[in-house]
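Reader: I should like a close look at one part of this model, followed outward into whatever surrounds it. Please build the account step by step, so that each element can be placed in relation to the others.

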Amino acid sequence: MQRLSPPLAAFVEEVALFLEPGGMPRIAGRIVGYLLVCDPPHRSAAQLAEELSVSRGSVSTMVRMLRTTGLLEPAPVPGERAIHLRLSDDGFEAVFEHQIRQVSAFGELASKGLTVLRGAPSERTRRLRLLAALYGFYEREMPGLLERWRTERARIIRDFAAEGSE
């Protein structure tokens, strides 16, 4: 099994620490960080456990969570019985789409609060009105941002393909 060099281990840990405040458990963040840079770009759960020095049970739990979010997908490896996993090419886009849904839901919740406070003095509803406006802004802007990214991503992939044919 591959051992992580100190700079690689530090990078993997830095990714995990970056993702943790957003709600991703540290071990899941380490899996994501490692799968961003490992070669080949896929690993079995057993390999992840050994190479990241974490328990197989923790890896199993985190892999299930990461597959549910769309960040991980199976990577068929001929001749291997174990299921290998890799980062999905559009996994972070799936996370962003989830964030868009969360923004929409929280905006609806702020609007619901305004309904509850209908007729209350404007000083009392000011925070909720600002919150509803902010989340309404995010809800309008984020889908366009995602579409612009997808256009950019397609261009980048075409450029990658062109590099390979040179």
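Author: A definition is needed before the part is chosen: helices here are DSSP runs of H or I at least four residues long, and strands are runs of E at least two long, numbered from the N terminus. The model is predicted, and the values below are computed from it.

The part chosen is α3, residues 45–52, together with what follows it. After α3 comes S53, whose phi is positive, near 55°. S53 is found in the loop between α3 and α4. This positive phi occurs although S53 is not a glycine. Most residues other than glycine have a negative phi, and most peptide bonds are trans. As the cut-off for exposed is over 50%, S53 counts as exposed because its relative accessible area is 61%.

Within α3 itself, the buried residues are Q47, L48, A49, E51 and L52. Their cover includes α1, α2, β1, α4 and β3. L52 shows part of this packing at the level of single residues: leaving aside residues up to four places away in sequence, L52 touches L4, V12, R30, I31 and Y34.

These contacts lead to the nonpolar interior. In soluble globular proteins, nonpolar side chains tend to be buried together. Here the largest nonpolar core has 24 residues, and those with the most contacts inside it are I31, Y34, L48, L52, L66 and L72. Two or more residues of this core come from each of α1, α2, α3, α4 and β3. The most is given by α2, with 5 residues. A second, separate core has 6 residues, among them F96, Y135, M142 and L146.

Helix α2 deserves attention of its own as a neighbour of α3. Its 12 residues should span 16 Å at 1.5 Å a residue, and its end C-alpha atoms are 17 Å apart, which agrees. A28, G29, R30, I31, V32, G33, Y34 and L35 are buried in α2. L36 is also in helix α2, but L36 counts as partly exposed because its relative accessible area is 45%. Apart from neighbours within four places in sequence, L36 is in contact with V15 and L87. L36 and Y135 are 99 residues apart in sequence, and their C-alpha atoms are 31 Å apart in space. The loop between α2 and β1 holds P40. D39 and P40 are joined by a cis peptide bond, with omega about 0°.

Helix α1, another of the elements covering α3, contains F18. F18 counts as exposed because its relative accessibility is 67%. Between F18 and G29, 11 residues apart along the chain, the C-alpha separation is 8.1 Å.

Helix α1 also leads to the largest pocket. The volume of the largest pocket is about 470 Å³. Its lining has 16 residues, of which L19, G22, M24, V95 and Q99 are the closest to its centre. At least two lining residues are supplied by each of α1, α4 and α5, and the largest share, 7 residues, comes from α5. By class, the lining comprises 9 nonpolar, 6 polar and 1 charged residues.

The pocket lining thus brings in α5, residues 91–116. At 1.5 Å a residue, the 26 residues of α5 should span 38 Å, and the distance between its end C-alpha atoms is 38 Å, which agrees. The buried residues of α5 are G91, E93, F96, I100, V103, S104, G107, A110 and G113; their cover includes α6, residues 122–164. Among them, F96 is also a member of the second core.

E97 lies in helix α5 and counts as partly exposed because its relative accessible area is 29%. Not counting residues up to four places away in sequence, E97 touches L146 and R150. The C-alpha atoms of E97 and L146 are separated by 8.1 Å, while the two residues are 49 residues apart along the chain. L146 also belongs to the second core.

To return to the starting point, L48 and L52 of α3 are buried and are among the residues with the most contacts inside the largest core, whereas S53, which follows α3, is exposed.

Definitions and conventions. Residues are numbered from 1 along each chain as its sequence is written. This is a predicted model: local features need pLDDT of at least 70, side-chain atom pairs count only at pLDDT 80 or more; totals for chains, interfaces and linings use all residues. Side-chain values use heavy atoms; hydrogens and water are left out. On a 1 Å grid over the protein atoms alone, a cavity is a set of points where a 1.4 Å probe fits but cannot get out, and a pocket is an open set with protein on both sides within 12 Å along at least five of seven lines; lining residues have an atom within 4 Å of a point. Grid points are joined across faces, edges and corners, and a volume is the space filled by probe spheres set on the points. Ala, Val, Leu, Ile, Met, Phe, Trp, Tyr, Cys and Pro count as nonpolar, Asp, Glu, Lys and Arg as charged, and the others, Gly among them, as polar. A nonpolar core is a set of buried Ala, Val, Leu, Ile, Met, Phe, Trp, Tyr and Cys residues joined through side-chain atoms within 4.5 Å. Buried means under 20% relative accessible area, exposed over 50%, partly exposed in between (1.4 Å probe, protein chains only). Contact means heavy atoms within 4.5 Å. The expected span of a helix is 1.5 Å times one less than its number of residues.
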